[in-house]
Amino acid sequence: MARDHGRAAATRRSSDVPHFDREADVVIAGLGGAGVCAALEAANAGAEVLVLERAGAGGGTTAVSDGMMYIGGGTALQQACGFEDTPEEMFKYLMASCGPDPDEARIRLYCDGSVGHYEWLLDQGIPFKAEFYPDRMLSPGEQGLTYSGNELVHPFREQAKPAPRAHMPKKEGSTGAFLMERLIVAAEAKGVVTEANALCETLVADPDGRVVGVVYVKEGHEFVVRARRSVVLAAGGFVNNEEMVGQYAPHLRKARFNAATDGDDGRGIRMGMGAGGAAVRMHMTSVTLPFYPPKSLMRGIFINASGQRFMPEDSYQGRAGEICLLQENGRVWLLLDDENFERPHFGGGELAAVGETIEEVERELGFVAGTLQSTVAIYNDHAARGEDPLFHKSPEYLVPLTAPPYGVLDLSWDKAIYAAFTLGGLHTNTRAEVLDADGHPVAGLFAAGRTAASFSSPGYSSGSSVGEAMFFGRVAGRNGAATTPH
Ligand SMILES: Cc1cc2nc3c(=O)[nH]c(=O)nc-3n(C[C@H](O)[C@H](O)[C@H](O)COP(=O)(O)OP(=O)(O)OC[C@H]3O[C@@H](n4cnc5c(N)ncnc54)[C@H](O)[C@@H]3O)c2cc1C
């Protein structure tokens with residue numbers, strides 16, 4: 001648990017630093033996905049790079065992740081798997097799906113640079129197998145490409161030409177550790193130096209507010225490192241900081257599983273705030289509800305405490321989680337008939353009711369008489385004609401629920417797996433510079449990954465976090481290395 005709760009980590013004045021213990025051109029806080037890519041690009045630009053990592057070794061949450069990366073625009077992998085995509089269609093999808101007031105400039109850069117970023121990953125020794133996995137989730141095998149968002153779901157399928165964009169390195173199952181191993185080896189080969197067990201505590205700024213160094217603690221001793229050119233904050237998000245969650249994203253208290261590691265305690269964000277950086281979109285989160293596989297579960301209907309549907313049931317796990325958690329008291333159920341009933345493969349979902357008729361199920365759940373019956377009647381009536389005028393579920397999952405017995409799975413927040421992490425963080429621009437409340441860059445300071453506010457908020461598509469962390473980590477590393485020394 002963070003010691004100073006949700007407060008900004010006060011910046012130390014350079015006049016209070018009697019001497020620096022060491023120095024480097026670019027100092028990076030955190031050796032996760034964003035940090036290693038920042039380090040690689042800064043080193044490629046000829047900078048002397050020092051990475052400070054609080055854990056015993058690098059990897060961070062990226063190394064425990066599935067390693068899916070949301071990349072597109074027509075990568076060689078997409079083409080080899082037979083899919084057409086363009087930066088423009090990817091841009092249209094992200095603009096439509098990333099919530100109100102999406103970060104257009106950063107989304108534009110990300111889409112335009114996505115094909116090049118894929119090539120860069122290949123150059124770092126990351127292989128991808130040109131095979132498509134159709135199940136809209138991490139492939140258990142080595143397949144390299146899948147859908148990981150709502151590209152095929154209403155209203156997005158009408159707003160942008162759908163294409164699968166989750167790129168998965170060639171390795172069975174979760175690929176995060178493999179991805180990080182390869183990138184860390186590449187960074188070491190470029191001469192990047194990492195100091196492990198080094199917990200960054202605060203930034204050092206000169207009298208003009210320019211960031212000139214970092215204070216860190218190792219084995220109980222404090223050290224101060226001078227950053228000749230810049231500091232990059234790449235220290236993860238804040239889902240493991242209960243006070244910050246309460247302050248900024250209290251709905252996450254209902255999510256039972258933090259998709260995070262110890263480093264996600266908000267320290268990087270608070271260091272940036274202490275130096276004058278603005279924290280934005282702090283209530284935005286990724287909440288995944290793995291209610292499928294099996295896919296047959298998407299043929300059921302989600303209902304809330306009023307016995308009503310509230311979303312297309314073919315929504316991606318990430319969007320479904322967000323929407324379900326925000327229903328009245330987080331109480332949601334999935335109603336299925338005998339033809340389609342199965343248990344979610346990833347667990348959760350107690351059987352809440354079984355009945356030979358919908359009326360029986362309605363009574364068992366304690367709903368107001370007639371509510372669930374009318375919901376099912378309206379749904380079945382339209383589904384029989386291949387229509388869903390309320391939520392436009394795709395025909396693939398649209399079948400009348402008419403085969404008794406009917407079963408209801410409880411997918412409420414306290415019964416099912418809701419996996420969450422934070423998407424809010426420091427405000428950054430397309431150069432990955434940290435911005436203050438007026439939108440001016442804080443001199444000498446860059447941020448990327450979950451320490452920076454994501455463009456994916458809400459409407460998260462899997463792979464956006466690692467994808468964005470690595471892409472903007474590279475941007476931060478390049479611009480950090482190009483900053484004029486102080
Ligand atoms: C099980 C699981 C599966 C996931 N699958 C996916 C997926 O497939 N695709 C996807 O896009 N996202 C996925 N996510 C989310 C994703 O992994 C993270 O959001 C993303 O990796 C964050 O990258 P990052 O570089 O910002 O942080 P990290 O990779 O966590 O790196 C931050 C680093 O900073 C270090 N650090 C923190 N504080 C300090 C400090 N004060 N001083 C020094 N070092 C510090 C940490 O130890 C860590 O090494 C998944 C998450 C989980 C848990």
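Let me begin with a term: I will call a residue buried when its relative accessible area is under 20%, exposed when that area is over 50%, and partly exposed in between. With that in hand, 58% of the 486 residues of this protein count as buried, and I should say at once that what we are looking at is a predicted model.

Let me turn to the overall form. The C-alpha atoms fill a box of roughly 80 × 45 × 35 Å, taken along the principal axes. A compact globule with 486 residues would have a radius of gyration near 23 Å, and because the protein has 24 Å, the value agrees with that expectation. In secondary structure, the protein has 14 helices and 22 strands. If we take the contacts between residues at least 6 apart in sequence, 74% of them join residues at least 24 apart.

On the surface, the protein exposes about 18000 Å², and carbon and sulfur atoms supply 51% of that area. As for charge, there are 43 positive and 62 negative charges, and their mean positions are 4 Å apart.

Now to the domains. The domain assignment gives domain 1 as 12-65 + 176-286 + 419-482, domain 2 as 69-167 and domain 3 as 290-410. The C-alpha centres of domain 1 and domain 2 lie 25 Å apart, and the contact takes 32 residues from domain 1 and 29 residues from domain 2.

Next, some details of the backbone. Most residues other than glycine have a negative phi, and most peptide bonds are trans. Where, then, do we find a peptide bond that is cis? One of them runs from His 154 to Pro 155, with omega near 0 degrees, and Pro 155 is in the loop between β6 (143-146) and α7 (156-159). Another cis peptide bond joins Pro 404 and Pro 405, again with omega about 0 degrees, and Pro 405 has its place in the loop between α13 (371-383) and β18 (406-410).

That loop between α13 and β18 also holds His 392, which is not a glycine and yet has a positive phi of about 60 degrees; with a relative accessible area of 32%, His 392 is partly exposed. Asn 329 likewise has a positive phi, near 55 degrees, in a residue other than glycine. Asn 329 sits in the loop between α11 (317-325) and β16 (332-336), and because its relative accessible area is 58%, Asn 329 counts as exposed.

I would like to finish with two residues whose partners come from elsewhere in the chain. Is Leu 325, in helix α11, buried or exposed? At 6% relative accessibility, Leu 325 counts as buried. Leaving aside neighbours within four places in sequence, Leu 325 is in contact with His 251, Lys 254, Ala 255, Val 287, Gly 330, Trp 413 and Tyr 418. Of these, Lys 254 is 71 residues from Leu 325 in sequence, while the two are 7.5 Å apart in space, C-alpha to C-alpha.

The other residue is Ala 10, which is found in the segment before β1 (12-13). Ala 10 has a relative accessible area of 63%, so Ala 10 is exposed. The C-alpha atoms of Ala 10 and Thr 202 are separated by 6.6 Å, although these residues are 192 residues apart along the chain.

Notes. Residues numbered from 1 in each chain as written. Predicted model: local features only at pLDDT ≥ 70, side-chain atom pairs only at ≥ 80, totals over all residues. Heavy atoms only, no water. Helix = DSSP H or I, 4+ residues; strand = E, 2+ residues; numbered from the N terminus. Rg over C-alpha atoms; globule rule 2.2 N^0.38 Å. Buried < 20%, exposed > 50% of the residue type's maximum accessible area, 1.4 Å probe, protein only. Contact = heavy atoms within 4.5 Å. Areas by Shrake-Rupley, 256 points an atom, 1.4 Å probe, with all protein chains shown as cover. Lys, Arg positive; Asp, Glu negative; His and termini not counted. Charge placed at Lys NZ, Arg CZ, Asp CG, Glu CD. Domains from an automatic or database assignment.
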